[in-house]
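Student: Here is a model I'd like to understand. Please pick a single helix and give me a close look, then show me how the rest of the chain is laid out around that choice.

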Amino acid sequence: MRIFSNTSINTLILVGALGSQLSACVPVVAGGAAAGGLIAADRRSAGAFLEDQEIELKAGKAIDDNLKTNVHANVTSFNRHVLITGEVSNDANKAKAESLVKPIQNVNSINNQLVVGPNSTISSRTNDTYITSKVKAKFLTENKFPANYVKVVTENGTVFLMGLVTHKEGEDAAEIARMVTDVKRVVKDFEYID
């Protein structure tokens, strides 16, 4: 049996603590680099990109905190334009959700696509995620425009397309999305740059 001195034990503890702190830096640095890459490949300014993230967090929290179980809402912001999708218990709560988002700093416009009805099931949400991934993959394989120019949101089989695009890019994106299996409807929610 080997016996360690207090100095050896303290050194091991220090090395372990430093090692855990350094490894925590890797995701932060990698995450920062990934975010930087996303911003560089996006038509939004870096400021708008970051404001969109802040809008999504604040709007999602405001809706969740105020409407609780009366809503299943997803908030997507692109170039300060907010899309609210999901389900809500009644028209009053649909209006309330929008009123909670309006006063958030930097929100320029809102497209409230909440549907009055029961909350979607986990299997429906999983299918929506799958549809989104299929649409994004099809954008890549078709290669008609840089795929990161278009944000894809799917809710109950309806695909919402957002982004800063030319009219041609918007039409191409909508046509590609329409051809993906399980897509029920495509809604263009673009900001046109031409």
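Tutor: What follows starts with one helix and its preceding loop, then moves along the chain.

This is a predicted model, in which local features need pLDDT of at least 70 and side-chain atom pairs count only at pLDDT 80 or more, while totals for chains, interfaces and linings use all residues. Residues are numbered from 1 along each chain as its sequence is written, and side-chain values use heavy atoms, with hydrogens and water left out.

Let's take helix α2, residues 46-67 (helices are DSSP runs of H or I with at least four residues, strands runs of E with at least two, numbered from the N terminus). Its 22 residues reach 32 Å from first C-alpha to last, close to the expected 32 Å at 1.5 Å a residue (that span is 1.5 Å times one less than the number of residues). Buried along α2 (under 20% relative accessible area with a 1.4 Å probe, protein chains only; exposed is over 50%, partly exposed in between) are Ala48, Phe49, Asp52, Ile55, Ala59, Gly60, Ala62, Ile63 and Leu67. Looking down the axis, these buried residues of α2 fall within an arc of 165° (taken from the directions from the helix axis to the C-beta atoms), so they line one face of the helix. Leu57 and Lys61 are exposed on the other side of α2. Right after α2, lysine 68 has a positive phi of about 45°.

Now step back into the loop between α1 (6-40) and α2, where arginine 44 sits. Arginine 44 counts as buried because its relative accessibility is 11%. Its side chain makes a polar contact with that of aspartate 52 at 2.6 Å (a pair of N or O atoms within 3.5 Å; within protein, one must be able to donate a hydrogen and the other to accept it, and residues adjacent in sequence count only if both atoms are side-chain atoms). Aspartate 52 is itself on the buried list of α2. The arginine 44 side chain also has a polar contact of 2.7 Å with the side chain of aspartate 42.

Next comes an open sheet of three strands, ordered β1-β2-β3 with mixed pairing (two strands pair if DSSP finds at least two bridges between them). β1 (71-78) and β3 (109-116) are the edge strands, each pairing on one side only. β1 pairs with β2 (residues 81-88) in the antiparallel sense over eight bridges, and valine 75 stands opposite isoleucine 84 in β2.

For a second helix to set beside α2, try α4 (residues 122-142), whose 21 residues reach 30 Å, close to the 30 Å expected. Ser124, Asp128, Ile131, Thr132, Lys134, Val135 and Phe139 are its buried residues. They cover an arc of only 165° around the axis, which puts them on the same side of α4. The cover over them includes β4, β5 and α5 (167-178), judged by contact (heavy atoms within 4.5 Å). Across on the other side of α4, exposed residues include Ile122 and Leu140. Asparagine 143, just after α4, has a positive phi of about 50°.

As for the cover, five of the six residues of β4 (150-155) are buried. β4 and β5 form a hairpin with two residues between them, and asparagine 156 in the turn has a positive phi of about 55°.
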